[in-house]
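Hi,

Here is the structure I promised to pass on to you. Have a look at it first, and then read my notes underneath.

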Amino acid sequence: MKKTLLISSLLVSLFVATLTNAVEIKPTDQLLGVVPEPQQVYVFDLAKTTFEISSGTTITLPPNSPPLLKQASTMLTDDLKTAYDINPTVTSRPLNPTGFYLLLSNGDNKQAAYQKSLALLNSLPAAARESDEKYRLAITGDSILIWAPSEKGVFYGVQTLRQLLTLDGNIPAMLICDWPTQDIRASYGSSRTLGMESYIKKLASLKMNMAIVESRWYARGNWWYNPTGTNLVKAQEFFRLCRKYNVEPVPMIQGFGWAYGVVGINPNCSEGIWIRDEKQILTGQTEVTFNHPNVLVTKAAPIVITDTQKKQTYIEGKDYKIIAGKTKPRFEKSNAPWKIVRTADSQIKDGQTVVLSYNYMNYCNLQTPYCPLEPETYKIIDRTVQNVIEKFNPKYIHIGHDEVRYINRCSRCQQSGMTTDEIVIRDINHWYDQIKAAGPEIKIMVWNDLFIDHTREVAIANKAIFDAVPQDFIIMPWVYPATARVKKYLTQRLELLIKDSKRPTLGTSAGYTNDNIWLWKEAMGKYQGDPNNLGFIFSYWGEAERMWSSLNFSAEYMWSWQKPSKAVYQLYNESDLLCRKRGLSFALNLAKQEKETRGRIAFEITAGKNVRADAKILSKELKQRTNAVKKYILPAVANAQFHPAVNEERISRQMDHLSDFYQKLTADVWKQQSTPFIEFDGQQCIPLPIDDLKKMPLTENKNQATLDLGFTRSLWGVELQGKSTSQPQISLSRNGKTFSNIESVTRKTKKSESHLLTWAPQNAQHIKISSSPALTPKKIFALKKPAIYDCVPKKPSSGQWKSNAFWKDIAIVEDFVTRQKKSPKQLQQLILSRWRTTAQATYDAKNLYIRLECYFPDAKMLEYNNNKTAQSATPIWENDCVQIFVKSMKNPEIAENAFNQVIVNAGGNKFSKRHFQDALPVDIEAHSEIHKNHWTSVMAIPLTWFDAQGKDLAGKTWKINFGRTQRYPKANYSSWAMLPPGTMLWFLQPNYFGELRFKAPQNGIEK
């Protein structure tokens, strides 16, 4: 038997030698549509140039294969089942005593197939960089072989093969030699995204090998600071999934700057402000309020009360009592205040002035730093570190320490006599010592913020900190823009960290733009091969589906930093048309694209845009992008995540169809919407249909239908259903009693049972339709004027702005629009709201005043929270409420998308927020009144919140929108300005707000 095997082996070797000598192997630069693209691809000429996957295909693994190799086989088997409905047999056979392999073959002689393919792979040049993740892949007519020195390499070879699967099962012949140029290829984000198995599988398919998770931004739901119950289960599952797919899990135990974990457990650990000489007069047993809320009290930071000469210190409980207020993140000014009161037998004399010394925390949302000199801080941190190491056994821990806004300002820090640098050094070394004591092999990551002096125009090392902290910290620099100034700053920062300081460094990109990733690629390229350049991180905090383009481009750069050329970079940017802006599920769903495109074009027509020209440009751009998208981006992302076996051919057909669809659709829409505007009162107004007629009061008799529209509208048309040869008669009325016939009515008949009647716009609340035989009304059309409000100043006397009389001579806008039911066949996407809402605005030197009036048949059905002291019990945006959105145009370059939002519910409760830009909450005065059939809300918003003064506003234009939420009988959202539909956060679209044009008074603004 042994003799027979030896002869067979010699024959196979002879055949392989003959084959390799006869085959000409050529390198190729052709892109495969695999993410990331392999380092080296070779083609060769054989009689049979494809491997055919069939029901007889088997998968062969080494005996006693490690779990990762078995997982790779499972992923491939699942793909073959999905793509071809076959269940390949998986066997184990010792085909080679060295290395790891996965073999797909159709015949019985697996040893010969293996040796044949291995001989081809051995004829290739060696990998340019040694790595235990390298692999080689051979596709011939007889087999597909993935060989690697470790199970990791085979795992990554399988990820490449999965993306090479074709729809018909014929896999083109080729040879691949592949390896990573960067050791750490990480993704950084929140547990909402990274906790999903689909996302971990996505990272694995892109050959990324690390996931850094920050978890929730509050202590109770944070995996690391509160690893119990559901948190523990989710964190354990995250670790299990990561290691199942060869992704190293890294817990981010956020410290110092974003100390929500510590502060959420004990708010008194915050880095507060030391108040030293606050004078208060204590009289009798009258409670006196501290000047500042959110007082911090610990043994290390007590409240101290002395006389004015600070010679005598009074004793709590004996001389005075402290009535604790509310100290809790976000440290709102409105939190219950702290108070002090004399005791009956106090040494403090009645009416005496005392001096208070204490710490308090100013408003901070989540970016609240802790005090490193507070002992309770490290009790929480040490317990957290110990729990994480014991429960999860991580190889890396990230300790955060970015964006530390406040250091060395509370009494604990200032009384220590330490410098700011000494405080930072003490803190970082404490983390290091605690982690290393519990896990000596654990590597520690930290952001670069505290190591660099950010007060300069250039990146300067904070030498004191650099010299004092351990050399093996992995420092992670980050920049998010991609401007020339940022590029210069990044170049200096990397030179400082890698070249000068010899610090282990991980670059961190922003997953929001490919530009930023390209900036990192260029800046770190000069340090490839440097042992201190550890790799690259992709960071993203948004919704996962909207990040695929940048994630894929990052994966390209991580695996092969030199591979992505400027042309490939441009391909990724072009793919954003479908991938990034709308998400991959949209990009791969043709029905969604058709539906939204139809609605988009229709909306642009009704909004008055030159869609004919825009559509031509869009169609041209789409044609230019088609090849890039269909040949490179979409096949890769489709194979890697959503449809493992969707191939280039199918994507190509989809893209070709989509391109044709754009052209045909624009032509169809132009025909159906040939007159986008109607002239009314000297302005071009936008026609929109009124809501469902089935909900409107309707009176019918034999030949007549009368509808009550609820309030006066500017009517211009009606659509009727039914057969009729005579001209229907239209009559309009304001009061429902006296009707006037419309003499000039234009009638268009579609087919035989659809009639569109139009006339010059007229204001009316009631419409009567007379016809013989009777026709059924389907739609009534009214006008929606452009969202422009001329704001004339008016100064109220004290509280006068709350009265109805103040608003009588101020201009009113109405005709709010709402989103209609989804229907692919409907061109119109917005309709006039059934419920009447009016809005008014004025201003003076200090405030912007707003009034909204919301009509509803029965005020008893309003739903709102009326508890002024517990507004968070039910979010007021889930109540019957009004919303105001204002975008000041003073400094748009500071935050392009920043705008201010105010919500007031029917109970008078209020909420304010500035989106996309840091800002303190504003003290808005608001008042609501409920009447029998409507409710009103008035508010005064300080102009300082917009960084503006009334005297400077005349002649300027801001962007504004008024919104209304109606809860009964079901949620209905209406808006003064027309907003594109299709987004969950419908109101939050500042680019589509209306105009607020400030007018000047005759005598200027009164101070």
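Below is what I found in it, going from the whole chain down to single residues.

Before anything else, keep in mind that this is a predicted model.

**The whole chain**

The protein chain has 1007 residues, and 55% of them count as buried. Its secondary structure adds up to 20 helices and 49 strands. How much of the contact count comes from residues 24 or more positions apart? Taking the contacts with a separation of 6 or more, such residues account for 74%. As for the outside, the accessible surface is about 44500 Å², and carbon and sulfur atoms hold 49% of that.

**Aromatic rings**

The count of aromatic pairs comes to 36. In one of them, the ring centres of Trp-217 and Tyr-260 are 6.5 Å apart and the planes are at 35 degrees, so this pair is tilted. Planes under 30 degrees apart would count as stacked and over 60 as edge-to-face, with the rest being tilted. These two rings link distant parts of the chain: Trp-217 is in the loop between β12 (210-213) and α7 (229-244), while Tyr-260 belongs to helix α8 (residues 260-265), 43 residues apart. Are the two partners buried or exposed? Trp-217 has 31% relative accessibility, so it counts as partly exposed. Tyr-260 has just 5%, so it counts as buried.

Phe-451 and Phe-466 make another tilted pair, with 5.6 Å from centre to centre and 50 degrees between the planes. This pair also links distant parts of the chain, with the two positions 15 residues apart. Phe-451 sits in the loop between β22 (443-447) and β23 (452-453), and Phe-466 in helix α12 (residues 463-468). Phe-451 is buried at a relative accessible area of 0%, and Phe-466 is buried at 5%.

You can also look for an aromatic cluster made of Trp-223, Trp-224, Phe-238, Phe-239 and Phe-392.

**Charges over rings**

Which ring does the charged end of Arg-409 sit over? That would be the ring of Tyr-406, with the charged end 3.7 Å from the ring centre. Lys-207 does something similar with Trp-559: its charged end sits over the ring, 5.7 Å from the centre.

Lys-207 is worth another look for its backbone. It has a positive phi of about 65 degrees although it is not a glycine. You will find Lys-207 in the loop between α6 (197-205) and β12, and it counts as buried because its relative accessibility is 0%, where the cut-off for buried is under 20%.

**More backbone details**

Asn-393 is not a glycine either, yet has a positive phi of about 50 degrees. Its place is in the loop between α9 (375-392) and β21 (396-400). Asn-393 has a relative accessible area of 56%, so it is exposed, the cut-off for that being over 50%.

There is a cis peptide bond to find as well: it runs from Pro-329 to Arg-330, with omega near 20 degrees. Arg-330 lies in the loop between β18 (320-323) and β19 (339-342).

**Two helices side by side**

Now turn to helix α2 (residues 67-84) and helix α4 (residues 151-164). Their axes come within 8 Å and cross at roughly 10 degrees. Angles under 35 degrees count as roughly parallel, and therefore α2 is roughly parallel to α4. Among the residues that meet here are Leu-68, Leu-69, Ala-72, Met-75 and Leu-76 from α2, and Val-154, Phe-155, Val-158 and Leu-161 from α4.

**Two residues to click on**

Val-355 lies in strand β20 (residues 352-360) and is buried, with a relative accessible area of 4%. How far apart in space are Val-355 and Gln-280? From C-alpha to C-alpha they are 6.5 Å apart, although their positions lie 75 residues apart in sequence. Leaving out residues up to four places away in sequence, Val-355 touches residues including Arg-276, Asp-277, Val-304, Ile-305 and Lys-310.

Lys-116 is part of helix α3 (residues 110-122). Its relative accessible area is 18%, so Lys-116 is buried. Its C-alpha atom is 9.1 Å from that of Thr-140, and the two are 24 residues apart along the chain.

Have fun exploring!

Key. Residues are numbered from 1 along each chain as its sequence is written. This is a predicted model: local features need pLDDT of at least 70, side-chain atom pairs count only at pLDDT 80 or more; totals for chains, interfaces and linings use all residues. Side-chain values use heavy atoms; hydrogens and water are left out. Helices (H or I, at least four residues) and strands (E, at least two) are DSSP runs, numbered from the N terminus. Buried means under 20% relative accessible area, exposed over 50%, partly exposed in between (1.4 Å probe, protein chains only). Contact means heavy atoms within 4.5 Å. Accessible areas come from the Shrake-Rupley method with a 1.4 Å probe; for residues, only the protein chains shown count as cover. Rings of Phe, Tyr and Trp (its six-membered ring) pair if their centres lie within 6.5 Å; planes under 30 degrees apart count as stacked, over 60 as edge-to-face and the rest as tilted. A charge sits over a ring if NZ of Lys or CZ of Arg is within 6 Å of the ring centre and within 35 degrees of the ring normal. Axes are lines fitted to C-alpha atoms, for helices over the stretch in contact, and angles run from 0 to 180 degrees between N-to-C directions. Angles under 35 degrees count as roughly parallel, over 145 as roughly antiparallel, 65 to 115 as roughly perpendicular and the rest as oblique.
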